[in-house]
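Trainee: Please take one part of this model and go through it closely, residue by residue. I would like to know where each residue sits, how far it is covered, and what lies around it.

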Amino acid sequence: DSFWDGGTTATATAAGLAGRGGNDTIDNSAAIVTSASADTGSTGVTATLAGASASLVNSTAEALAVGVDGGDGDDSITNSGAVSASTTASADTVAVSVAGVGASFAGDQWSENTLAQATAIGIDGGAGNDTIANSAAITAAAVSISDATAVSVSLVGYADSEAENTSASSAAGLSGGEGNDTVDNSGAIAVVSSATADAGNVTVN
(Lines give C-alpha, C1' and ligand atoms only; values in the text may rest on other atoms or scores of the structure.)
Protein backbone atom coordinates (compact mmCIF):
# COMPACT_ATOMS: atom_id res chain seq x y z
CA ASP A 1 0.00 0.00 0.00
CA SER A 2 1.00 3.62 -0.57
CA PHE A 3 -0.56 6.55 1.29
CA TRP A 4 0.10 10.31 1.42
CA ASP A 5 -1.87 12.87 3.46
CA GLY A 6 -0.40 16.36 3.69
CA GLY A 7 -0.62 19.96 2.63
CA THR A 8 0.51 23.54 3.00
CA THR A 9 -0.83 26.77 4.53
CA ALA A 10 0.17 30.38 3.83
CA THR A 11 -1.22 33.31 5.84
CA ALA A 12 -0.46 37.00 5.31
CA THR A 13 -1.83 39.96 7.30
CA ALA A 14 -1.10 43.67 6.89
CA ALA A 15 -2.49 46.70 8.77
CA GLY A 16 -1.54 50.35 8.42
CA LEU A 17 -2.95 51.48 11.78
CA ALA A 18 -4.39 48.98 14.28
CA GLY A 19 -6.13 49.75 17.55
CA ARG A 20 -6.83 46.11 18.44
CA GLY A 21 -8.76 45.57 21.71
CA GLY A 22 -10.11 48.38 23.88
CA ASN A 23 -11.82 51.71 23.24
CA ASP A 24 -9.42 53.39 20.82
CA THR A 25 -9.20 56.89 19.36
CA ILE A 26 -7.47 57.02 15.99
CA ASP A 27 -6.88 60.29 14.07
CA ASN A 28 -4.99 59.94 10.80
CA SER A 29 -4.15 62.53 8.15
CA ALA A 30 -1.39 60.74 6.21
CA ALA A 31 -1.55 58.36 3.26
CA ILE A 32 -1.73 54.67 4.13
CA VAL A 33 -0.92 51.83 1.73
CA THR A 34 -1.25 48.20 2.85
CA SER A 35 -0.75 45.03 0.82
CA ALA A 36 -0.85 41.33 1.75
CA SER A 37 -0.10 38.35 -0.49
CA ALA A 38 -0.36 34.63 0.33
CA ASP A 39 0.72 31.96 -2.18
CA THR A 40 0.90 28.23 -1.53
CA GLY A 41 1.04 25.00 -3.51
CA SER A 42 0.97 21.34 -2.56
CA THR A 43 1.66 18.19 -4.60
CA GLY A 44 1.17 14.56 -3.57
CA VAL A 45 2.19 11.50 -5.61
CA THR A 46 1.68 7.88 -4.52
CA ALA A 47 2.15 4.59 -6.38
CA THR A 48 1.92 0.88 -5.60
CA LEU A 49 2.14 -2.24 -7.73
CA ALA A 50 -0.48 -4.08 -5.68
CA GLY A 51 -2.82 -2.85 -2.95
CA ALA A 52 -4.27 0.55 -2.14
CA SER A 53 -2.83 3.89 -3.21
CA ALA A 54 -4.13 7.22 -1.90
CA SER A 55 -2.88 10.76 -2.42
CA LEU A 56 -4.73 13.33 -0.27
CA VAL A 57 -3.56 16.91 -0.63
CA ASN A 58 -4.75 20.21 0.85
CA SER A 59 -3.63 23.79 0.36
CA THR A 60 -4.82 26.97 2.10
CA ALA A 61 -3.88 30.59 1.33
CA GLU A 62 -5.41 33.44 3.36
CA ALA A 63 -4.56 37.13 2.94
CA LEU A 64 -5.96 40.10 4.89
CA ALA A 65 -5.11 43.78 4.46
CA VAL A 66 -6.67 46.66 6.40
CA GLY A 67 -5.71 50.31 6.13
CA VAL A 68 -7.12 51.41 9.51
CA ASP A 69 -8.31 48.73 11.94
CA GLY A 70 -10.15 49.76 15.10
CA GLY A 71 -10.38 46.23 16.44
CA ASP A 72 -12.71 45.28 19.28
CA GLY A 73 -14.17 47.96 21.51
CA ASP A 74 -16.00 51.26 21.07
CA ASP A 75 -13.63 53.07 18.73
CA SER A 76 -13.49 56.61 17.34
CA ILE A 77 -11.76 56.82 13.95
CA THR A 78 -11.16 60.08 12.07
CA ASN A 79 -9.37 59.85 8.74
CA SER A 80 -8.37 62.52 6.21
CA GLY A 81 -5.53 60.68 4.45
CA ALA A 82 -5.82 58.52 1.35
CA VAL A 83 -6.12 54.80 2.21
CA SER A 84 -5.33 51.85 -0.05
CA ALA A 85 -5.66 48.16 0.87
CA SER A 86 -4.98 45.26 -1.51
CA THR A 87 -4.70 41.49 -1.14
CA THR A 88 -3.90 38.48 -3.31
CA ALA A 89 -4.40 34.84 -2.29
CA SER A 90 -3.41 31.88 -4.49
CA ALA A 91 -3.68 28.17 -3.64
CA ASP A 92 -2.88 25.16 -5.86
CA THR A 93 -3.00 21.40 -5.31
CA VAL A 94 -2.04 18.42 -7.46
CA ALA A 95 -2.83 14.87 -6.33
CA VAL A 96 -1.65 11.81 -8.32
CA SER A 97 -2.34 8.21 -7.28
CA VAL A 98 -1.40 5.09 -9.25
CA ALA A 99 -2.16 1.44 -8.39
CA GLY A 100 -1.23 -1.47 -10.62
CA VAL A 101 -3.69 -3.89 -9.03
CA GLY A 102 -6.00 -2.51 -6.33
CA ALA A 103 -7.75 0.72 -5.36
CA SER A 104 -6.52 4.22 -6.21
CA PHE A 105 -7.77 7.46 -4.64
CA ALA A 106 -6.69 11.03 -5.44
CA GLY A 107 -8.04 14.37 -4.28
CA ASP A 108 -10.29 15.24 -1.32
CA GLN A 109 -12.27 12.11 -0.46
CA TRP A 110 -11.55 12.73 3.24
CA SER A 111 -12.24 16.46 3.48
CA GLU A 112 -8.95 17.55 1.90
CA ASN A 113 -9.49 20.83 0.08
CA THR A 114 -8.01 23.81 -1.71
CA LEU A 115 -8.91 27.24 -0.32
CA ALA A 116 -7.89 30.75 -1.39
CA GLN A 117 -9.37 33.62 0.61
CA ALA A 118 -8.56 37.32 0.16
CA THR A 119 -10.00 40.21 2.19
CA ALA A 120 -9.25 43.92 1.81
CA ILE A 121 -10.80 46.69 3.92
CA GLY A 122 -9.96 50.38 3.82
CA ILE A 123 -11.25 51.35 7.27
CA ASP A 124 -12.66 48.73 9.64
CA GLY A 125 -14.31 49.67 12.93
CA GLY A 126 -14.44 46.07 14.12
CA ALA A 127 -16.73 44.85 16.87
CA GLY A 128 -18.26 47.46 19.20
CA ASN A 129 -20.14 50.73 18.88
CA ASP A 130 -17.83 52.69 16.59
CA THR A 131 -17.80 56.22 15.20
CA ILE A 132 -16.05 56.60 11.85
CA ALA A 133 -15.53 59.90 9.99
CA ASN A 134 -13.71 59.81 6.65
CA SER A 135 -13.04 62.62 4.18
CA ALA A 136 -10.37 61.04 1.96
CA ALA A 137 -10.25 58.63 -0.97
CA ILE A 138 -10.33 54.91 -0.16
CA THR A 139 -9.49 52.01 -2.48
CA ALA A 140 -9.77 48.32 -1.64
CA ALA A 141 -8.99 45.38 -3.95
CA ALA A 142 -9.09 41.64 -3.25
CA VAL A 143 -8.13 38.84 -5.67
CA SER A 144 -8.28 35.11 -4.94
CA ILE A 145 -7.28 32.24 -7.25
CA SER A 146 -7.52 28.50 -6.52
CA ASP A 147 -6.74 25.47 -8.68
CA ALA A 148 -7.12 21.77 -7.86
CA THR A 149 -6.16 18.77 -10.01
CA ALA A 150 -6.65 15.09 -9.16
CA VAL A 151 -5.44 12.10 -11.21
CA SER A 152 -6.21 8.51 -10.23
CA VAL A 153 -5.08 5.41 -12.17
CA SER A 154 -5.76 1.73 -11.45
CA LEU A 155 -4.90 -0.85 -14.11
CA VAL A 156 -6.97 -3.51 -12.37
CA GLY A 157 -9.40 -2.50 -9.62
CA TYR A 158 -11.10 0.70 -8.48
CA ALA A 159 -10.08 4.30 -9.22
CA ASP A 160 -11.59 7.53 -7.87
CA SER A 161 -10.46 11.15 -8.29
CA GLU A 162 -12.09 14.17 -6.67
CA ALA A 163 -10.81 17.74 -7.05
CA GLU A 164 -12.75 20.44 -5.21
CA ASN A 165 -11.69 23.93 -4.29
CA THR A 166 -12.97 27.25 -2.97
CA SER A 167 -11.98 30.75 -3.98
CA ALA A 168 -13.41 33.65 -1.96
CA SER A 169 -12.66 37.37 -2.05
CA SER A 170 -14.13 40.33 -0.19
CA ALA A 171 -13.42 44.06 -0.46
CA ALA A 172 -14.91 46.97 1.50
CA GLY A 173 -14.04 50.64 1.63
CA LEU A 174 -15.66 51.35 5.00
CA SER A 175 -16.84 48.66 7.40
CA GLY A 176 -18.44 49.39 10.75
CA GLY A 177 -18.33 45.75 11.84
CA GLU A 178 -20.57 44.41 14.56
CA GLY A 179 -22.35 46.82 16.88
CA ASN A 180 -24.24 50.11 16.64
CA ASP A 181 -21.98 52.24 14.43
CA THR A 182 -22.04 55.79 13.12
CA VAL A 183 -20.30 56.32 9.78
CA ASP A 184 -19.83 59.71 8.10
CA ASN A 185 -18.08 59.70 4.73
CA SER A 186 -17.36 62.44 2.20
CA GLY A 187 -14.47 60.78 0.32
CA ALA A 188 -14.51 58.78 -2.91
CA ILE A 189 -14.53 54.99 -2.43
CA ALA A 190 -13.51 52.38 -5.03
CA VAL A 191 -13.62 48.64 -4.36
CA VAL A 192 -12.81 45.66 -6.57
CA SER A 193 -13.23 41.97 -5.70
CA SER A 194 -12.39 38.98 -7.93
CA ALA A 195 -12.48 35.21 -7.26
CA THR A 196 -11.44 32.43 -9.66
CA ALA A 197 -11.64 28.67 -9.04
CA ASP A 198 -10.63 25.82 -11.37
CA ALA A 199 -10.83 22.06 -10.80
CA GLY A 200 -9.88 19.08 -12.93
CA ASN A 201 -10.39 15.32 -12.45
CA VAL A 202 -8.84 12.43 -14.38
CA THR A 203 -9.79 8.82 -13.57
CA VAL A 204 -8.41 5.80 -15.44
CA ASN A 205 -9.22 2.14 -14.75
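**Strands, their faces and their contacts**

Mentor: Val 101 has its place in strand β6, which spans residues 83-107; strands are DSSP runs of E of at least two residues, and helices are runs of H or I of at least four, numbered from the N terminus. The model is a predicted one, in which local features need pLDDT of at least 70 and side-chain atom pairs count only at pLDDT 80 or more, while totals for chains, interfaces and linings use all residues. Numbering starts from 1 along each chain as its sequence is written, and side-chain values use heavy atoms, with hydrogens and water left out.

Val 101 has a relative accessible area of 46%, so it is partly exposed; buried means under 20%, exposed over 50%, and partly exposed in between (1.4 Å probe, protein chains only). Together with Leu 155 and Val 156, Val 101 makes a nonpolar surface patch of about 300 Å². Patch residues have over 30% relative accessible area and no salt bridge, with like charges joined within 9 Å and nonpolar side chains (Val, Leu, Ile, Met, Phe, Trp, Tyr) within 5 Å. A salt bridge here is a side-chain nitrogen of Lys or Arg within 4 Å of a carboxyl oxygen of Asp or Glu, and areas are by Shrake-Rupley with a 1.4 Å probe, only the protein chains shown counting as cover for residues.

Now to the short strands. In β2 (residues 25-28) the side chains alternate. Ile 26 and Asn 28 point to one face and are buried, whereas Thr 25 and Asp 27 point to the other and are not. β8 (131-134) also has two faces: Ile 132 and Asn 134 make the covered one, Thr 131 and Ala 133 the uncovered one.

The pairing can be followed from strand to strand (two strands pair if DSSP finds at least two bridges between them). β2 runs parallel to strand β5 (residues 76-79) over four bridges, and in that pair Thr 25 stands opposite Ser 76. β5 in turn pairs with β8, again in the parallel sense and over four bridges, with Ser 76 opposite Thr 131. From β8 the next pairing goes to strand β11 (residues 182-185), parallel and over four bridges. There Asn 134 has Asn 185 in β11 as its bridge partner.

Two loop residues lie beside these strands in sequence. Ala 30 belongs to the loop between β2 and β3 (32-50). With a relative accessible area of 41%, Ala 30 is partly exposed. Its C-alpha is 4.5 Å from that of Gly 81, although the two residues are 51 apart in sequence. Beyond neighbours within four places in sequence, Ala 30 is in contact with Gly 81 and Ala 82, contact meaning heavy atoms within 4.5 Å.

Asp 130 sits in the loop between β7 (114-124) and β8. Its relative accessible area is 1%, so Asp 130 is buried. A polar atom of the Asp 130 side chain lies 3.0 Å from the backbone nitrogen of Asp 75. Such a polar contact is a pair of N or O atoms within 3.5 Å, where within protein one must be able to donate a hydrogen and the other to accept it, and residues adjacent in sequence count only if both atoms are side-chain atoms. Not counting residues up to four places away in sequence, Asp 130 touches several others, among them Gly 73, Asp 74, Asp 75, Gly 176 and Thr 182.

The longer runs complete the picture. Thr 119 is in strand β7 and is buried, with a relative accessible area of 18%. Outside the residues up to four places away in sequence, Thr 119 touches Ala 63, Leu 64, Ala 65, Thr 87, Ala 142 and Ser 170. Ala 140 lies in strand β9 (residues 138-162), and at 3% relative accessibility Ala 140 counts as buried. With the same kind of sequence neighbours left out, its contacts include Ala 85, Ala 120, Gly 122, Ala 171 and Val 191. The C-alpha atoms of Ala 140 and Ser 76 are 21 Å apart, with their places 64 residues apart along the chain.

Asn 165 is in strand β10 (residues 165-175) and is buried at 17% relative accessible area. Its side chain has a polar atom 3.3 Å from the backbone oxygen of Ser 146 and one 2.5 Å from the backbone oxygen of Asp 198. Leaving aside neighbours within four places in sequence, Asn 165 is in contact with residues including Thr 114, Asp 147, Ala 148 and Ala 197.
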